[in-house]
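Thank you all for coming; I would like to walk you through one structure today, beginning with a single sheet and then stepping back to the chain as a whole. Please have a look at it first.

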Amino acid sequence: MSEVLLQRLAEALGGLASRTYADAAGEPVAVVEPASLHQAALKLRDDAELACDYLSFVSAQDLMPRFPRFDGVYQLYSTSKHHWLRLRVPVEDGKALPTVSDLYRTADWHERETYDLFGIPYEGHPDLRRILLTDNWHGHPLRKEYDHRLEPVWPLGTDVLQNLAEGAMAGQEREDTSDPTRRIVLNMGPQHPATHGVLRLALELDGENIVKCVPHLGYLHTGIEKLSEVHNWTQNITHYPRMDYLSPMNNELAYCLAVEKLLGVEVPLRAQYVRVLMSELTRVISHLVWLGTHAMDVGAMTVFLYTFAEREKILEMYELIGGQRMMTSYMRIGGVKDDMPEDFPKAVRAWANDFAKQLGIYHGLLTKNPIWRQRTMGIGAMDRETSLSYGLSGPLARAAGVDWDLRRDNPYSSYEEFEFDIPVEQDGDVYSRYLVRMEEMVQAQRIALQALDKIAQTEPGTHMREDYKMAPVPRNGINASIEELIHHFKYWTDGVWVPAGEAYGFIEASKGELGFFVVSDGGARPQRVKIRGPSFVNLSALPEMVQGHLIADVIAVIGSIDVVLGEVDR
Amino acid sequence: MVGRQLGEARNTSFPDSGRSLPGESGILVTTINKVLGWFQANSIWPLTSGLACCAIEMMSASASRFDIARFGSEVFRASPRQSDLLIISGRLSWKMAPVLRELYDQMPFPKWVISMGACASCGGLFTTYAIVHGADHIVPVDIYIPGCPPRPEALLDALVKLQKKIKTGTYVSPTLKERRR
């Protein structure tokens, strides 16, 4: 499959690509010169066989001291043929890359992010400003010479305070300046109870209708990608649950899959099933927080109390299996940290038996509730083509009629052995997203029960690869032999040494396609980790969704996007 | 009650009608500080300001299972001008820091700050360029909670300790007292 695709890619690009090769997972990569990038992207999008209608992310890699110094990275996907392609574009320091934001609207924010963190300018970009850091920030953090501990230069952020009022559009032209009394600019956030964290929106209003919405991000920028280059492969697992903190185990899983692709290993079957079980439970807790907060924003307080009570049951299972309520770091390279406790299946079954009834309560509170329907139906609607162009994934894309789920179309972690349905709605509005997520919770419960049956058929204790180059030695092994003691010592001091190469690990997380693009130079630390967070991409469609709606609808739309700012800002 | 005059009923229950036993007179002697402390400690209104992961545990603390209402703090206010307590729940970035300071300045006196979790207290695991390594660089902090994220019980414990601090003017933990001896 991958060889055919590689050949097809070389044929389609012809002279545009200077080199094509397969990465660690066998996915095709083409190296393209900056001058022919735009043409190449257009060809890949319109080619009948490749049909890359979806741009996953745009990023870069600093390869200092190589000349040219940077590689622009473009990850493409076909939602009809279900294959991945990657473009690498070498570019010198200070030289610009052509923008592809006219082909894929996903590129808009991604190019701004790359400009912010690497300092690569994009020629022809409509609005090239910093996106995560403040406008007067010194330097570009993801360049290799930038010290990750460097504290910013004061005075910093005075512009943040100034911008909070009228100047909030930050260099943006107003639509209509003829009558200054007609349009006002309203600042919303970063401290606002309904923005789900520290999102800030500048809303230009005509009466109460929204003429223009400009999101401002970065109020929770943590520098996780930079920190990933500092810590070793195993230590990095700790950062990622704190990124999308509503679905911690999903993040760990995506990263581990990426690293395992680089290592070229398969994890034991039991570990795969446990991973499936935990990621489905994670999907449920994420959706429960979404449902509770979304309903509360729209005015239904009761739902919040019900869903948080239900969520506690799964958090108890988290404690049982991983020792912590949220940030368990349970998924490890090569498997999962500990075997499932004996009473764990009983706990899951007890929850699963009760869960259908709970869902019935939520449906009873909302689905036919006239206020809920009026607040959500026809609000924030987005059609199929626009949502693909914006790179929407997960429940948002499925609510707009895109029948695409990575669990089914590009199965990972033995998802191909499970039976489940994928809910698809056609309207693309807030209500459809609600229906899709509600059905996903039913399916998640179904998959969790299947996973329990499959786990029961596997040998207990086989939750981790017995390869001590990548997995820790069990406690009793350390006492038994000197070799294993050496392995233990090497593992915890040196970490895992990952062969040089690049890979893209992806999963269908609760919010959409969550991907980790990892590059190794053969050492104990990653050369580059790019996190493709679904929230970041989904949020970029917000201005389009709220256009012409009322301020109250903005709240409903933000809730339906299910945005987690930890993942948006990283 | 039928036929009785309104004035009669009031006269019989009037405190100074010849009896003067302590407690029955309806008068209690105390200091203004104690009474104010008692008022303030039992109705702390926190600001709804979530930053990161800890905000989710803060929400859990206010929801059904942990029920922060038992300690009189269920009234989360969205406006800083109506709240007494700022819970810094999560990592604080340099970009957010001026905004947080602005929020703190907008809160009316008396006001208190809880720094929730490792990131807010010292930057935690994120030793990066983007994060303020300790929210006490930006605002004065009364109580620090360890944990990543702290359990909701830990937040409730911090709240109880804050109440003690407010009631007595100062709170020193028992272990610290022993060490001082």
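**A sheet and its surroundings**

In chain A, strands 13, 14 and 15 form an open sheet of 3 strands in the order 13-14-15, with antiparallel pairing. Strand 13 (501-509) and strand 15 (526-532) of chain A are the edges, and because each has a single partner strand, one side of each is left without a neighbour in the sheet. On average, neighbouring strands here are turned by 15 degrees against each other, direction ignored.

What I am showing is a predicted model, in which local features need pLDDT of at least 70 and side-chain atom pairs count only at pLDDT 80 or more, while totals for chains, interfaces and linings use all residues. Residues are numbered from 1 along each chain as its sequence is written, and chains are lettered from A and ligands numbered from 1 in the order in which they are written.

As for terms, strands (E, at least two residues) and helices (H or I, at least four) are DSSP runs numbered from the N terminus, and two strands pair if DSSP finds at least two bridges between them.

Strand 14 (residues 512-520) of chain A is joined to the antiparallel strand 15 of chain A by 6 bridges, and Phe516(A) stands opposite Ile531(A) in strand 15 of chain A.

Stepping back, chain A has 20 helices and 15 strands, and its C-alpha trace spans about 80 × 60 × 55 Å along its principal axes. Of its 570 residues, 52% count as buried, meaning that 20 or more other C-beta atoms, placed from the backbone, lie within 10 Å of the residue's own.

Key:
Buried ≥ 20, exposed ≤ 12 C-beta atoms within 10 Å, placed from the backbone. Axes fitted to C-alpha atoms, helices over the stretch in contact; angles between N-to-C directions.
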